Amino acid sequence: MPDKIMVVDDEHEIADLIEVYLKNENYEVFKFYSPKDALACAGEVELDLAILDIMMPEMNGFTLCQKIREDHTFPVIMLTAKDEETDKITGLTLGADDYITKPFRPLELVARVKAQLRRYKRYNPSLPEEKESDIVSHSGLLLNIKTHECHLNEEPVTLTPTEFTILQILLENKGTVISAEDLFHRIWKDEYYSKRNNTITVHIRHLREKLNDSVDHPKYIKTIWGVGYKIEK
């Protein structure tokens, strides 16, 4: 079964172009020029990824992303016409996993799509039985790597694929400080990292909110200033 990708952009030429490149990679594409129609689709179709433009009438991409995140954890890539840090931070804070700035190279967008889907599909539900290594736990926090589920004190916690991956890396390396740059490269592989890039910082903040954790008195994610992040053993 081909992966199902939703594309939402009120600029018809851009949406049509993305559709062509994704179909060339054998993805099933659900294309919308209206965010309201797209939101209806998200409630009816089991999607694997969404590409959302930010600047749209009726409902902007931020609001659409926020509404999608109320019920779904599939990856979201934001398209922005402005290379502004505030747009990127806003998108990431609302649950986006990646962003790309217009004008973009279609092949770069396809590469980003493949990278997000690889991480999202990494958790193979077809394995015959649950192994002990599929479960990572710490102080009431439990991650099931196979099913991509997170529980805190036996209550489910909804995480985006990026948030899940960050938490998994930190839990699997308990007691070890992982730098933001290392986390960035582990998640996005060979992409260029700048010290001004606060993508990881935003995701860590979002994780803390979901885990009811704090910077000053962390139970889970501890910031080692100037070095990185760790979870104590």
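**Close-up views of a predicted model**

**View 1. Val 8 and the residues around it.** Leaving aside neighbours within four places in sequence, Val 8 is in contact with Phe 32, Ser 34, Pro 35, Ala 38, Ile 51, Leu 52, Asp 53, Met 56 and Leu 64. Keep in mind while you look around that this is a predicted model. Val 8 sits in strand 1, which covers residues 4-8. Is Val 8 buried or exposed? Its relative accessible area is 0%, so Val 8 counts as buried. One of its contacts, Phe 32, is 24 residues away along the chain, yet the C-alpha atoms of Val 8 and Phe 32 are 4.9 Å apart.

**View 2. The five-stranded open sheet.** Here five strands line up in the order 2-1-3-4-5, with parallel pairing. Which strands stand at the edges? They are strand 2 (28-32) and strand 5 (98-101); each has a single partner strand, so one side of each has no neighbour in the sheet. From one strand to the next, the twist averages 15°. As for what holds such an arrangement together, strands of a sheet pair through backbone hydrogen bonds, either parallel or antiparallel.

**View 3. Strands 3 and 4, with a helix lying across.** Zoom in on strand 3 (residues 49-53) and strand 4 (residues 76-80): they run parallel and are joined by four bridges. To find one pairing, start at Ala 50, whose bridge partner in strand 4 is Val 76. Now bring in helix 5 (residues 106-121), which lies across strand 1, strand 3, strand 4 and strand 5. Helix 5 runs at about 180° to strand 5.

**View 4. The largest nonpolar core.** This core has 28 residues, and the ones touching the most other members are Leu 143, Leu 167, Ile 200 and Ile 221. Two or more residues each come from strand 7 (141-144), strand 8 (149-152), helix 6 (161-172), helix 7 (180-188) and helix 8 (199-210). Helix 6 gives the largest share, six residues. Take a closer look at Ile 221: beyond residues up to four places away in sequence, it touches Leu 167, Leu 170, Ile 204, Leu 207, Arg 208, Asp 213, Tyr 229, Lys 230 and Ile 231. There is also a second, separate core of 25 residues, with Phe 30, Phe 32, Leu 92 and Tyr 99 among them.

**View 5. Stepping back to the whole chain.** The protein chain has eight helices and eleven strands. Of its 233 residues, 49% count as buried. The accessible surface comes to about 11,900 Å², and 48% of that belongs to carbon and sulfur atoms.

Key
Residues numbered from 1 in each chain as written. Predicted model: local features only at pLDDT ≥ 70, side-chain atom pairs only at ≥ 80, totals over all residues. Heavy atoms only, no water. Buried < 20%, exposed > 50% of the residue type's maximum accessible area, 1.4 Å probe, protein only. Areas by Shrake-Rupley, 256 points an atom, 1.4 Å probe, with all protein chains shown as cover. Contact = heavy atoms within 4.5 Å. Pairing = 2+ DSSP bridges. Axes fitted to C-alpha atoms, helices over the stretch in contact; angles between N-to-C directions. Core = buried A, V, L, I, M, F, W, Y, C linked by side-chain atoms within 4.5 Å.
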